[in-house]
Protein chains: 2
Amino acid sequence: MARERKISTEELYQTTKQLLLDRGYDGYTFTLLANRLDVSRAAIYKYYENKEELLSEYMVYELQTFIYNLKIVNQEKSFFDQFHALFNYIFNDMSIYRIREIGMQIPTVNQKVAENKQKLEKMHIQLYTLLQKFIEFGKSENVLKKDLPSSLVLGLIFQTVNIPNLERIPHSEWVEKMKEIMCHGMFNKE
Amino acid sequence: MARERKISTEELYQTTKQLLLDRGYDGYTFTLLANRLDVSRAAIYKYYENKEELLSEYMVYELQTFIYNLKIVNQEKSFFDQFHALFNYIFNDMSIYRIREIGMQIPTVNQKVAENKQKLEKMHIQLYTLLQKFIEFGKSENVLKKDLPSSLVLGLIFQTVNIPNLERIPHSEWVEKMKEIMCHGMFNKE
DNA sequence: CTCCAAAGTTACACATGTGTCACTTTATAT
DNA sequence: ATATAAAGTGACACATGTGTAACTTTGGAG
């Protein structure tokens with residue numbers, strides 16, 4: 001027994017994602033969001049006390065999706081296959097890493113935000129454990145060098161998506177060359 | 001025939017750098033800068049019309065320093081030596097890349113800013129040419145793989161500084177492992 | 001049909017940062 | 001010693017974003 005909503009949570013999240021990637025944490029405002037969604041700013045306050053609350057809930061949703069997809073990647077049999085699948089997935093939607101960085105900027109302004117940040121913390125540990133296992137798998141299959149810290153390997157893989165493709169090299173070529181360097185380095189084997 | 005300045009340009013630049021790295025472009029305000037320097041905000045307007053002007057001049061200074069040091073690196077004889085010197089230099093002051101990214105956000109609000117941005121553009125080309133030569137040198141000495149786009153190689157080298165060292169691995173070890181991956185990859189040679 | 005609760009809007013008070021101007025302070029050249 | 005020009009200050013008007021409260025709109029349950 002109520003009026004129909006002008007905007008779905010899904011629309012809210014998608015616009016939020018775009019805004020975040022376009023303008024960063026500070027550039028993301030309810031004023032802007034409301035304009036893009038063609039509702040009044042006050043309408044958004046019906047659902048979220050403030051932008052921290054909206055953003056932290058959005059982050060939970062985004063990380064959930066990422067973990068879900070990562071588990072699918074982990075179903076591949078060999079480490080090689082998993083490695084390539086992960087690489088391709090990350091490069092397909094290059095946003096996760098930046099989104100996560102932005103997420104860390106959210107100040108804990110109330111109880112709900114605190115809860116969401118705790119959830120995020122747990123999910124991050126879950127994610128890290130999954131990735132850790134992935135690295136261990138690579139080492140146990142004798143593919144990955146055993147003396148490399150996993151945080152370095154993972155950090156490197158995730159950072160690569162931020163490298164600007166200034167020369168507009170075709171996406172598939174870019175990804176392949178990137179993999180090549182990651183796997184075997186930029187130096188010739190002497 | 002004038003009063004002594006409370007703050008030197010050098011102090012202004014150093015505080016600016018810290019503020020930028022701490023808070024990012026949007027978080028950098030004259031209000032904050034004036035507080036940190038213990039002067040009134042209005043005093044800063046005696047020297048700069050607005051923050052864009054100050055920041056763009058600071059950027060020019062920073063890029064100049066970087067290019068100067070890069071030329072010193074380029075004096076090393078072999079590509080190997082140049083490579084390691086560059087890597088060490090970049091990791092010694094990890095700020096250049098982030099600073100440059102922030103610099104790109106400066107809107108052209110007046111003539112002076114426009115001029116500074118043009119200067120920055122020219123210096124960037126100069127920088128890119130230097131680095132390009134460096135890469136070409138590496139390829140000609142048959143050290144670097146010839147089929148890798150230089151923008152990818154450079155992007156990768158500069159991005160590596162942004163990888164968070166979560167496990168607090170000692171700096172020297174971190175840098176060495178990073179070099180190892182860059183040069184020969186994370187995979188074992190089968 | 002009409003009630004009413006959720007959806008949405010408009011308007012206000014508040015907070016923070018900006019750019020400017022009239023003003024005061026101070027070191028030095030004369 | 002004093003005039004002066006640069007250095008510095010405090011205060012004001014403006015702009016943008018926030019959070020809230022009083023209001024209107026709307027659609028389905030009874």
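Select A:Lys17 and A:Glu62 to begin: in this predicted model, the two residues form a salt bridge in which the closest N and O atoms are 3.1 Å apart. One salt bridge is also the count between domain 1 of chain A and domain 2 of chain A.

Next, colour chain A by its domain assignment, which gives domain 1 as residues 1-47 and domain 2 as residues 52-184. With both domains on screen, their C-alpha centres can be placed 26 Å apart, and 16 residues of domain 1 of chain A are in contact with 16 residues of domain 2 of chain A. The area buried between these two domains is about 1,300 Å², and carbon and sulfur atoms give 68% of that area. On the side of domain 1 of chain A, select A:Tyr13, A:Lys17 and A:Tyr25, since these are the residues that lose the most area to domain 2 of chain A, together 51% of what that side buries.

Staying at the interface of these domains, turn to the polar contacts, of which the rule finds three residue pairs, both residues of each pair being at pLDDT 80 or more. Then show the helices of domain 1 of chain A: helix H1 (9-27) and helix H2 (30-37) of chain A each supply at least two residues of the side that touches domain 2 of chain A. H1(A) gives the most to this side, with eleven residues. Coloured by class, the side of domain 1 of chain A that touches domain 2 of chain A has ten nonpolar, three polar and three charged residues.

Now move to the DNA and select the residues around DNA strand D, of which there are 22, with A:Arg3, A:Arg41, B:Lys6, B:Ser40 and B:Lys46 coming nearest. On the DNA side, sugar and phosphate account for 61% of the atoms of strand D that come within 4 Å of the protein.

Three individual atom pairs can be picked out here, each with a different part of the nucleotide to look for:

- At A:Tyr45, a polar side-chain atom lies 2.9 Å from a phosphate oxygen of DNA strand D.
- At B:Glu4, a polar backbone atom is 3.4 Å from a sugar or linking oxygen of DNA strand D.
- At B:Lys46, an N or O atom in the side chain is 2.7 Å from a base nitrogen of DNA strand D.

To finish, display the secondary structure around this strand: H2 and helix H3 (41-44) of chain A, together with helix H3 (41-44) of chain B, are the elements that give two or more residues to the surface near DNA strand D. By class, the residues of that surface divide into eleven nonpolar, four polar and seven charged.

How values were computed. Residues numbered from 1 in each chain as written. Chains lettered and ligands numbered in written order. Predicted model: local features only at pLDDT ≥ 70, side-chain atom pairs only at ≥ 80, totals over all residues. Heavy atoms only, no water. Domains from an automatic or database assignment. Contact = heavy atoms within 4.5 Å. Buried area = accessible area lost by both parts, 1.4 Å probe. Salt bridge = Lys/Arg side-chain N within 4 Å of Asp/Glu carboxyl O. Polar contact = N/O pair within 3.5 Å; in protein donor to acceptor, adjacent residues only side chain to side chain. Helix = DSSP H or I, 4+ residues; strand = E, 2+ residues; numbered from the N terminus. Nonpolar A, V, L, I, M, F, W, Y, C, P; charged D, E, K, R; others polar. Near = heavy atom within 4 Å.
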